[in-house]
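Dear colleague,

Please find below the structure that I am handing over to you. A summary of what was found in it follows.

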Amino acid sequence: MRAEAHVAAFGTADGELAVGGIPLTRLTHRVGSTPYFAYDRRLITERVAGVRAAMPEGLSIGYAVKANPMPAVVQHLAGLVDALDVASSGEMRVALDTGVAAERVSFAGPGKTDDELSMAVAAGVTVELESVGEAERLVAAGERLGVLPRAAVRVNPDFAVKGSGMRMGGGPQQFGVDSEQVPQLLKLLGDQQVEVTGFHVFAGSQNLSTDILLEAQRRTVDLVLELAESAPGPVTYVNLGGGFGIPYFEKDQPLDLRPLGENLHRLLEDHLRPRLPEAKTGIELGRYLVGEAGVYVTRVVDRKVSRDRQYAVVDGGLHHQLAASGNFGQVIRRNYPLVVGNRATEDAAGPVTVVGCLCTPLDLLGDNVDLPAVEVGDLVVLFQAGAYGLTASPIAFLGHPAPAEVLV
Ligand SMILES: *Cc1c(COP(=O)(O)O)cnc(C)c1O
């Protein structure tokens, strides 16, 4: 997907990129300083509506808070989705602060401490068990508090999902309980003080292949039905994961949700609902809901030519938006889409290399990008910054100030 398509999604005003309908120069004055992250609430709302329209009726849509835990963003999403998935005590606090019912919050992630387990039990959120040891510690936390814990088993499937940007299931994993060990765990928990509601299978992240996602959906449902036979009581909760990717690079095509929704519809109607009539079934999405709704805005502080290469040096960098530098899980560095936001409708004048302000060659934001004639003071905008941006970046590296974040 090309940068022009991202500009079109946000829209333009007065020849500038607009976020939340506000032209970029005006928005920058409103924010008061650069660099900053801006998230467009209209785009988030439309994205959730698009997912709902494509997915089968009654399927629960969850938001994985780790993609973007800004409280205003989580609050906005809390009013749009059915569930919030958190992966730390901090995220759990943000989720509960939105006012969603604790039954709609689930807590996944390895390495949950006893304190975090107690917090989850006290709050009444569902703990997605990552190991036998964690299950035992959860039961103990419930006994200490005199509260019955609610848990689901996170399953490490016996299959891997190819083509994922990050694989989180199949083979040996720190995530979840190996599927072949789940029946034994369920038997163990059968006579313990814990309510086991069901299963969570999350096999991978950032997948742009419909075929692979279809296959993952089928195999996940098969696995859940097989494991449900060992459940101590009725299965009331099934979390099928997600893994829907977004197009970061020019050659990437956006996902077509229709076949994914139709596939899930058939799997639910023909298999899941007849066998597990009490199960509330859902998917959970992080970057797909917020990633394309965010931009990272930086200001050009210097222009230079070094041995025929044109450079624009901006006041931001990988300390805020690590992924755009190619250092967050990419094998081969490719450019994230970027534009000069205050010249959004001008023609390109030639290749410019955009670098951040950190004193390391890793701080490369755009390698030879065709841009309009860039001047000091211009606003360089990096797209696809709504997920895994600020909170997935080494903000203390080199000691520059933190960026602002706004939801417009
Ligand atoms: C990270 C994570 C997600 C979200 O992944 P995205 O690629 O942002 O959709 C969902 N579920 C679990 C368990 C995760 O760890």
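What percentage of the 408 residues in the chain do buried residues make up? The model is a predicted one, and in it buried residues account for 56% of the 408 residues.

Regarding the overall fold, the chain contains 11 helices and 22 strands. Its C-alpha trace spans about 70 × 40 × 35 Å along the principal axes. A compact globule of 408 residues would have a radius of gyration near 22 Å, and the chain, at 22 Å, agrees with this. Among contacts with a separation of 6 or more, 72% are made by residues 24 or more positions apart.

Turning to the surface and the charges, the chain exposes about 17000 Å², and carbon and sulfur atoms supply 50% of that area. There are 35 positive and 49 negative side chains, and the centres of these two sets lie 3 Å apart.

One residue may serve as a starting point for your inspection. Gln 321 is located in the loop that runs between strand 17 (309-314) and strand 18 (338-340). Gln 321 counts as buried because its relative accessible area is 0%, whereas the cut-off for a buried residue is under 20%. Apart from neighbours within four places in sequence, Gln 321 is in contact with Phe 37, Tyr 296 and Tyr 336. Its contacts also include Gln 384, Ala 385, Tyr 388, Gly 389 and Ser 393.

With kind regards

Key
Residues are numbered from 1 along each chain as its sequence is written. This is a predicted model: local features need pLDDT of at least 70, side-chain atom pairs count only at pLDDT 80 or more; totals for chains, interfaces and linings use all residues. Side-chain values use heavy atoms; hydrogens and water are left out. Helices (H or I, at least four residues) and strands (E, at least two) are DSSP runs, numbered from the N terminus. The radius of gyration is taken over C-alpha atoms; the globule rule is 2.2 Å times the number of residues to the power 0.38. Buried means under 20% relative accessible area, exposed over 50%, partly exposed in between (1.4 Å probe, protein chains only). Contact means heavy atoms within 4.5 Å. Accessible areas come from the Shrake-Rupley method with a 1.4 Å probe; for residues, only the protein chains shown count as cover. Lys and Arg count as positive and Asp and Glu as negative; His and the chain ends are not counted. The place of a charge is taken as NZ of Lys, CZ of Arg, CG of Asp or CD of Glu.
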